[in-house]
Amino acid sequence: MKNRIVRMLAVAGLGLGLLAAPAQAAGLQENAEEHAFSFEGPFGQFDRAQLQRGWEVFRQVCSSCHSLNYLRFRNLAEPGGPEFTVEQAKAFASQYDITDGPDENGEMFTRPGRLSDAFPAPYPNEQAAKAANNGAAPPDLSLIVKGREGWYYPWYISPVLKLFKGNGGPEYVRSLLSGYTDPPHGEEREGLNYNPYFPGHWIAMPPPLSDDAVEYKDGTPATVKQMATDVAAFLAWVAMPKMEERKRIGLMTMLYLGLFTLLMYLVKRAIWSRVEH
Amino acid sequence: MSSHASYEFSNPVVRWIDSRLPVFSLMKAQAMDFPTPRNLNYWWTFGGIAATMLVIQLITGIVLVMHFTPHVDLAFDSVEKIMRDVNYGWLLRWLHANGAAFFFLAVYIHIFRGLYYGSYKAPREILWMIGVIILIAMMATAFMGYVLPWGQMSYWAAVVITNLFSAIPVVGETIVQWLWGGFSVDNPTLQRFFSLHYLLPFVLAALVFLHIWALHVPGNNNPDGIDVKSEQDTLPFHPYYTMKDLFAILVFLLVYLAFVFYSPWYMGHAINFVKANPLVTPAHIVPEWYFLPQYAMLRAVPDKLGGVIVMFASLIILFFLPWLDRSKVRSLRYRPVTRIFFWLFAITCVVLGIAGAQPAEGVWLLVARIATIYYFAYFLVILPLLGKLEKPKPMPASITEAVMQKH
Ligand code: HEM
């Protein structure tokens, strides 16, 4: 009797789960295209050359519309990132005019950028950004990779998938940038572009990349896919500049604690072997 | 805790202090010699694990405050500054954010342990009720902490939760404005949440002290739910349970730190990396996982005030549990029928958690409603009835006998 109740309930539970599945699957957004970035997994590190290429893409293309408020020029030369030399980072900084002051006469002035400066924003305020972009302000990209998700699987898949693949932010940025297509049924919308990866599919950003938009110094062919991947990796670093330190300290901590745990298990077993329990 | 200097300590300084303020005697009696049932299983380690998490939250929290700025224009930036420019700031922040989640995990397991083994029954009713107050205080703490980084979900969670109070008839609006410190969730709200988020963990620490005090009067319950009858039934807390707890704490920390180091924002919401914007409502406003069951119950009721009442009732009902369960037998080991309903109840809580993460419509709304009904029926109907109707299995005469039967 008891067993039958349990079995019946199990079947009922499973049925509910299956019913619920299709309701979830229908969404207005495509899953990002999978890509094995070098920084995935517990041992993954950034690919320095890729970050350096991504910086070129950001600097030459994206920075005309997007800010990167949390990035300072000195970060470019810090360990765990693109690791430019300090000289190179200084040279990048000096190409930008930074407003400083007031000086001793109370006047604001501009001077070339320094390592300690933040990357300057293209627009002075949100209103200006909107006015220049058909009413949609380009968001700051410092945290975009953490602030967007790439996967839209049902609830019984996504928690497991995310454990191994992360939230898909870098994949989303990569897919978005290289995923512009012609809209279905030739539909057109004023000031908007069709992109299946964008929530709602219509995005105010015009396709920012075209083949050879930048010239890579390391000779890598600058296809749209390549640039999208590189700039996504670069933005991943900007969003998590301490990732390499985190994984390094993590490994040492886990090894130390794992050993300690093992010892404590042996201690506990030795002590408890004295009594019946 | 009243035993006075009953130990003869060999160290003269210790002896001198102890005869004036018997802290050493107290520690020896309560933390070392304390007689503890010999049959406790690993479910009994989660109290110590929860206490460890509270200490971790306190330490990481106090250091975070040194770098955090509670202001609507600066809070989000100051957290990012912690992540980027403060030495090991990322570590502090991820320890604290994931620490809250693992604190809840430990406490929830601890509570279900109590439910299964009947630890809430006489003479431990007050111990149990202090535990329920701890749970509610923890929830308030975590909710206000979550608002502090001032991301999109922080802000909108504050809007949704404070607005619940507007359902109260007549005075609702006034209460909400009083909570906000104005006419919307804004800087005064953030600053008072910050103040209370700093205060409440210390209240929690005091409550934990009372909880342990109330524990040390009757002593531990145990998996067989029978009273300690002789010294044979017990072991001194140290070294038996100090070492066992320490081992369990380390295993728990390993899992917790795996998240901190390798998936630190797995449990969070991506949208909270976007600065709060009162003009843009996120597509889904979802609380952290540890509030999902309560959230599901809130939304299961078609009426706003009704939902609020049901949600708070789901916590308040726990206070009455010692008197709702009429059975004299504590442990479900000896109550085979109640055991089935207990596991159904546990599954129900998980189902509520899943439903709480889905939009409240269609099948999920139905599921949440059925689960909510079962949640309350378990306490109000099933336990009172089964306490009278169920015939418990024969119980061993003592803890020692139970232990020997196993071998
Ligand atoms: C019962 C213990 C506590 C719990 C459950 C708790 C929970 C939380 C949660 C969920 C957050 C948001 C995490 C995030 O997204 O960053 C948070 C943030 C914060 N908490 Fe706590 N907390 C506790 C104790 C404390 C204590 C004792 C302090 C300070 C004395 C503190 C200070 C802070 C600060 C400054 C933040 C904002 C910084 C940040 O976002 O990391 N917390 N807390």
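User: Why is the contact between Glu34(A) and Lys165(A) called a salt bridge?

Analyst: The closest N and O atoms of Glu34(A) and Lys165(A) are 3.1 Å apart. A salt bridge needs a side-chain nitrogen of Lys or Arg within 4 Å of a carboxyl oxygen of Asp or Glu, so this pair counts as one. The model is predicted: local features need pLDDT of at least 70, side-chain atom pairs count only at pLDDT 80 or more, and totals for chains, interfaces and linings use all residues. Residues are numbered from 1 along each chain as its sequence is written, chains are lettered from A and ligands numbered from 1 in the order in which they are written, and side-chain values use heavy atoms, without hydrogens and water.

User: What makes Glu34(A) and Lys165(A) a link between distant parts of the chain?

Analyst: The two residues are 131 residues apart. Glu34(A) sits in the loop between α1 (2–25) and α2 (48–60) of chain A, and Lys165(A) in helix α6 (residues 158–165) of chain A. Helices are DSSP runs of H or I with at least four residues, strands are runs of E with at least two, and both are numbered from the N terminus.

User: How do you know whether Glu34(A) is buried, partly exposed or exposed?

Analyst: Buried means under 20% relative accessible area, exposed over 50%, and partly exposed in between (1.4 Å probe, protein chains only). Glu34(A) has 45% relative accessibility, so Glu34(A) is partly exposed.

User: What makes Asp33(B) and Lys28(B) a salt bridge, and how accessible are they?

Analyst: Their side chains meet at 3.1 Å, N to O. Asp33(B), at 30%, is partly exposed, and Lys28(B), at 24%, is partly exposed too. Over all chains the count comes to 24 salt bridges.

User: What joins Asp325(B) and Arg335(B) to other residues?

Analyst: Asp325(B) and Arg335(B) have their closest N and O atoms 3.3 Å apart and form a salt bridge. Both residues are buried. Salt bridges with shared partners put them in one network with Lys121(B) and Glu390(B).

User: Why is the site of the iron atom of the ligand called octahedral?

Analyst: Six donors count as octahedral if opposite donors are over 155 degrees apart and all others between 65 and 115; four donors are tetrahedral if all angles lie between 85 and 135 degrees, or square planar by the rule used for six, and anything else is irregular. Here the angles among the six donor atoms run from 84 to 178°, and the site is octahedral. The protein donors are His96(B) (NE2) and His197(B) (NE2), lying 2.0 Å from the iron atom. Donors are N, O and S atoms within 2.8 Å of the metal (3.2 Å for Na, K and Ca); water is not among the atoms, so sites may look incomplete. His96(B) lies in helix α5 (residues 89–117) and His197(B) in helix α9 (residues 187–216) of chain B, 101 residues apart. Both histidines are buried.

User: How do you know that Cys62(A) is in no disulfide?

Analyst: A disulfide is a pair of cysteine sulfur atoms within 2.5 Å. The nearest cysteine sulfur to that of Cys62(A) belongs to Cys65(A), 8.7 Å away, so the pair fails the cut-off. Over all chains the count comes to zero disulfides. Cys62(A) is buried because its relative accessibility is 12%, whereas Cys65(A), at 27%, is partly exposed.
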